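Subject: The structure you asked about

Hello,

Here is the structure to look through when you have a moment. My notes on it follow below.

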Amino acid sequence: MIVDTLRVFVTVAEQSHFSKAGELLNLSQPGVSLHIRNLENELGAKLLHRSSKQVRLTEAGTILYKHAKQILAHFEEANQEIQMLQDEVTGSIHIGASFTIGEYILPSRLAEFANQYPQVKLQVTIGNTEEIIGGVRSNELDIGFIEGQAHENDLIVTPYMKDEMIIVSPANHPLSKIVSVEQSMLQNQVWVLRELGSGTRAFSEHYIQEEEISVKRSYVFNSSQGVKEAVASGLGIAMLSRWIVRKELASGEICELPIRHHHLERQFSIIRHKESSSSMATNVFIQKLLVSRKDK
Ligand SMILES: O=S([O-])[O-]
């Protein structure tokens, strides 16, 4: 197989000796030479300068070495993924997720995963971004999904998906009739906000401050569902992920305020503790999620 031949070539290049490479690979010296000869014949180029003492890469050999290393690394990755598919995946995963992800994105992903790996026990804890970060750092959670930022040095943060944030209002709000809402029209409105520690709260506050919007009054709820219901009941306007209000926008219960020249986006991330080793089940779960994500 070409991969075996490339492995022989890379080992010879790194050891500078046919015999040392042969020892490492458990191959005879003629066996090593045969692999190299076949490779040179296939590429139509000399790959090694041979002397009695050692071998050195030619220019063509240097080019091949660089690519061969990458090919072998990719092959190894593919091999690991295939092993994961075939091995029986068991154990349990305690997943933490902030509200938008935990209530609107994860359920369908978990159903697919549970179908494929029925032996894995899944437990989901929903909290705000700060709480999920705390859970992963204290090793209570194996993995966390957050919609805010994590800057802690002991965490591995992997981008998961993009998320569109929109401003919504009650259906009968005066701004809901306007086709293109100017930023200035957001002045002196009543806002419904999430609690401190929430990624949604941090994003909304950043927007309000950046755009120098003055807030007439604000009400705070510690769940996105609560914020949504409050907006639908006429309490005020809010900034939420489009995921949360899809159904209500379609049914007309609440309205999106189309802000002129503004497309607001944030990043969902997966977090893990740097120092705790992930189980096979957790690795497979993450792998599956990353492969199936639609919007990176
Ligand atoms: O649940 S949140 O918005 O971190």
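Among contacts in the chain between residues at least 6 apart in sequence, what percentage join residues at least 24 apart? It comes to 74%. Please keep in mind as you read that this is a predicted model. The mean pLDDT of the chain is 91, and 97% of its residues reach 70 or more. For the model scores, ipTM is 0.93 and pTM is 0.69.

As an overview, the chain holds ten helices and eleven strands. It has 296 residues, of which 43% count as buried.

Let me start with helix 1. This helix covers residues 2-15, 14 residues in total. From its first C-alpha to its last it reaches 20 Å, close to the 20 Å expected at 1.5 Å a residue. Its buried residues are Val3, Thr5, Leu6, Val8, Phe9, Val10, Thr11, Val12 and Ala13. After helix 1 comes serine 16, with a positive phi near 60 degrees. For background, most residues other than glycine have a negative phi.

Two asparagines also belong in this part of the story. Asparagine 139 is not a glycine, yet its phi is positive, at about 65 degrees. You will find asparagine 139 in the loop between helix 6 (129-137) and strand 5. Is asparagine 139 buried or partly exposed? With a relative accessible area of 44%, asparagine 139 is partly exposed. Asparagine 188 likewise has a positive phi, near 60 degrees, in a residue other than glycine. Its loop runs between strand 6 (155-170) and strand 7 (189-194). Asparagine 188 has a relative accessible area of 49%, so it counts as partly exposed.

Next, the strands around strand 3. Why can strand 3 (residues 91-97) be called largely enclosed by the rest of the structure? Because five of its seven residues are buried. From strand 3 the chain crosses through helix 5 (residues 99-116) to strand 4, and this β-α-β crossover is right-handed. Strand 3 and strand 4 (residues 120-126) run parallel and are joined by seven bridges. If you would like some landmarks in that pairing, serine 92 has lysine 121 of strand 4 as its bridge partner, and glycine 96 stands opposite threonine 125 in strand 4.

Strand 3 also pairs with strand 5 (residues 143-146), again in the parallel sense, over three bridges. Here glycine 96 turns up once more, with glycine 144 in strand 5 as its bridge partner. That makes glycine 96 a handy residue to click on: it has threonine 125 opposite it in strand 4 and glycine 144 as its partner in strand 5.

Threonine 58 is worth a look as well. This residue sits in the loop between strand 2 (55-57) and helix 4 (59-86). Threonine 58 has a relative accessible area of 8%, below the 20% cut-off, and is therefore buried. Which residues does threonine 58 contact, leaving aside its neighbours within four places in sequence? They are Lys46, Leu47, Leu48 and His49. In addition, the side chain of threonine 58 reaches the backbone nitrogen of glycine 61 at 3.0 Å.

Two more places, further along the chain. In helix 8 (residues 224-232), the buried residues are Ser224, Gly226, Val227, Lys228, Ala230 and Val231; a lysine is on that list, in case you want to look at Lys228. Helix 8 is followed by glycine 234, whose phi is positive, near 95 degrees.

Last comes glycine 252, in the loop between helix 9 (242-251) and strand 10 (254-256). Its relative accessibility is 35%, so glycine 252 counts as partly exposed. How far apart are the C-alpha atoms of glycine 252 and alanine 171? They are separated by 6.7 Å, although the two residues are 81 residues apart along the chain.

Best wishes

Terms used: Residues are numbered from 1 along each chain as its sequence is written. This is a predicted model: local features need pLDDT of at least 70, side-chain atom pairs count only at pLDDT 80 or more; totals for chains, interfaces and linings use all residues. Side-chain values use heavy atoms; hydrogens and water are left out. Helices (H or I, at least four residues) and strands (E, at least two) are DSSP runs, numbered from the N terminus. The expected span of a helix is 1.5 Å times one less than its number of residues. Buried means under 20% relative accessible area, exposed over 50%, partly exposed in between (1.4 Å probe, protein chains only). Two strands pair if DSSP finds at least two bridges between them. A crossover is right-handed if, with the strands pointing away from the viewer, the path from the first strand over the helix to the second runs clockwise. A polar contact is a pair of N or O atoms within 3.5 Å; within protein, one must be able to donate a hydrogen and the other to accept it, and residues adjacent in sequence count only if both atoms are side-chain atoms. Contact means heavy atoms within 4.5 Å. pLDDT is the predictor's confidence in each residue, from 0 to 100.
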